[in-house]
Amino acid sequence: TRSLDKDLARRDFTVNAMAYSHRRGMVDLYGGTDDLSRGILRCVGKAEKRFDEDALRIMRGLRFMSVYGFIPDDETNSAFHSKKNLLREISPERINYELCKLLCGKAENLSEILSEYWDVFSVIIPEIEQCHGFDQHIHYHDRDVWEHTVASVCSIEPLVHLRLAMLFHDLGKPACYNFYNNEGHFKGHAQVSVSICKRVMKELRFDGDTSKKVLSLVEWH
């Protein structure tokens, strides 16, 4: 469209719905300047409608939160959860791009995002749902499987293959769980995690070099 107003009305978030020219100056129809200064992530118009138009905006929003520390307003936050299943319709290459950028965000931001939006990530990697809240019943760990995974991801440097390896390294634990001698045991979980990792990385169209690095790290823990 040649209409600037109509163009801005279809943008994803208010902080991305500003325009500038020497003739008109700043055009900010949706309060993006104020939201930017306060670190608020808010959709333009109705959040659910924006995500209906392109569900990748969910991952994009979480990336902005991870990298830049934005906090979503209540409506946007609710829509992240309610519209998450629309991510199944998004091309794997687009999911891949946003996931990698998100995982390499600031650890303190990423920890909160992985913890709060585990249900969103489980649409992309279904095994996450089983890991969330799965008590390990073992004296080596004071966290459930997903909490341990989140801590692992956020405690390693932000290189994509390292953070991916931490994301996948224990996803096979629930499938291998046995309880004996008053403790939980996960014999063979590294190989199961490799299988999960291999499938997901193929589905998300990861390149061969990244896949090889991540699979090796997961296999050898």
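**Salt bridges, a hairpin and a helix pair**

Biologist: Let's start with Glu98 in this predicted model. Which residue forms a salt bridge with Glu98, and how far apart are the closest N and O atoms?

Modeller: Glu98 pairs up with Arg63 in a salt bridge. This pair ties together distant parts of the chain, with Glu98 in helix α6 (residues 92-103) and Arg63 in helix α4 (residues 56-68), 35 residues apart. So the partner you want is Arg63, and the closest N and O atoms are 2.5 Å apart.

Biologist: Is Glu98 buried or exposed? And what about Arg63, buried or exposed?

Modeller: Buried means under 20% relative accessible area. Glu98 has 4%, so Glu98 falls below that cut-off. Arg63 has a relative accessible area of 11%, so the verdict for Arg63 is also buried.

Biologist: Leaving aside neighbours within four places in sequence, which residues is Glu98 in contact with?

Modeller: Glu98 sits in helix α6, and one of its contacts is the salt-bridge partner Arg63. With neighbours within four places in sequence set aside, the full list is Leu56, Met59, Arg60 and Arg63.

Biologist: How many salt bridges does a search of the whole structure find, and which residues do shared partners join into one network?

Modeller: The whole-structure search comes up with 17 salt bridges. Some share partners, and one network built that way consists of Arg10, Arg50, Glu53 and Arg57.

Biologist: Now helix α2 (residues 32-38). Why are Arg38 and Asp34 separated by about one helical turn?

Modeller: The side chains of Arg38 and Asp34 meet in a salt bridge, at 3.2 Å from N to O. Both belong to helix α2, and the separation comes to about one helical turn because the two are four residues apart.

Biologist: Arg38 also meets Asp35 in a salt bridge. How many residues apart are Arg38 and Asp35?

Modeller: That salt bridge has an N to O distance of 3.2 Å. Arg38 and Asp35 both lie in helix α2, about one turn of the helix from each other. In sequence terms, the spacing is three residues.

Biologist: Which of these count as buried, partly exposed or exposed: Arg38, Asp34 and Asp35?

Modeller: Exposed means over 50% relative accessible area, buried means under 20%, and partly exposed is in between. At 53%, Arg38 is therefore exposed. Asp34 has 42%, so Asp34 is partly exposed. With 1%, Asp35 is buried.

Biologist: Over to the strands. How many bridges join β1 to β2, and what stands opposite Ser21?

Modeller: Strand β1 (residues 18-21) and strand β2 (residues 25-28) run antiparallel, joined by four bridges. They form a hairpin, with three residues between the strands. Opposite Ser21, in β2, stands Gly25.

Biologist: What is the angle between helix α11 (residues 160-168) and helix α14 (residues 208-220), and why does α11 count as oblique to α14?

Modeller: The two helices pack with their axes 9 Å apart, at an angle of about 45°. Under 35 degrees would count as roughly parallel and 65 to 115 as roughly perpendicular, so α11 comes out as oblique.

Biologist: What handedness does the crossing have, and which residues meet there?

Modeller: From α11, the contacts come from His161, Leu162, Leu164, Ala165 and Phe168. They meet Thr210, Lys213, Val214, Leu217 and Val218 in α14. As for how α11 passes α14, the crossing is right-handed.

Definitions and conventions. Residues numbered from 1 in each chain as written. Predicted model: local features only at pLDDT ≥ 70, side-chain atom pairs only at ≥ 80, totals over all residues. Heavy atoms only, no water. Pairing = 2+ DSSP bridges. Salt bridge = Lys/Arg side-chain N within 4 Å of Asp/Glu carboxyl O. Buried < 20%, exposed > 50% of the residue type's maximum accessible area, 1.4 Å probe, protein only. Axes fitted to C-alpha atoms, helices over the stretch in contact; angles between N-to-C directions. Parallel < 35°, antiparallel > 145°, perpendicular 65-115°, else oblique. Left-handed = near helix turned anticlockwise from the far one by under 90°. Contact = heavy atoms within 4.5 Å.
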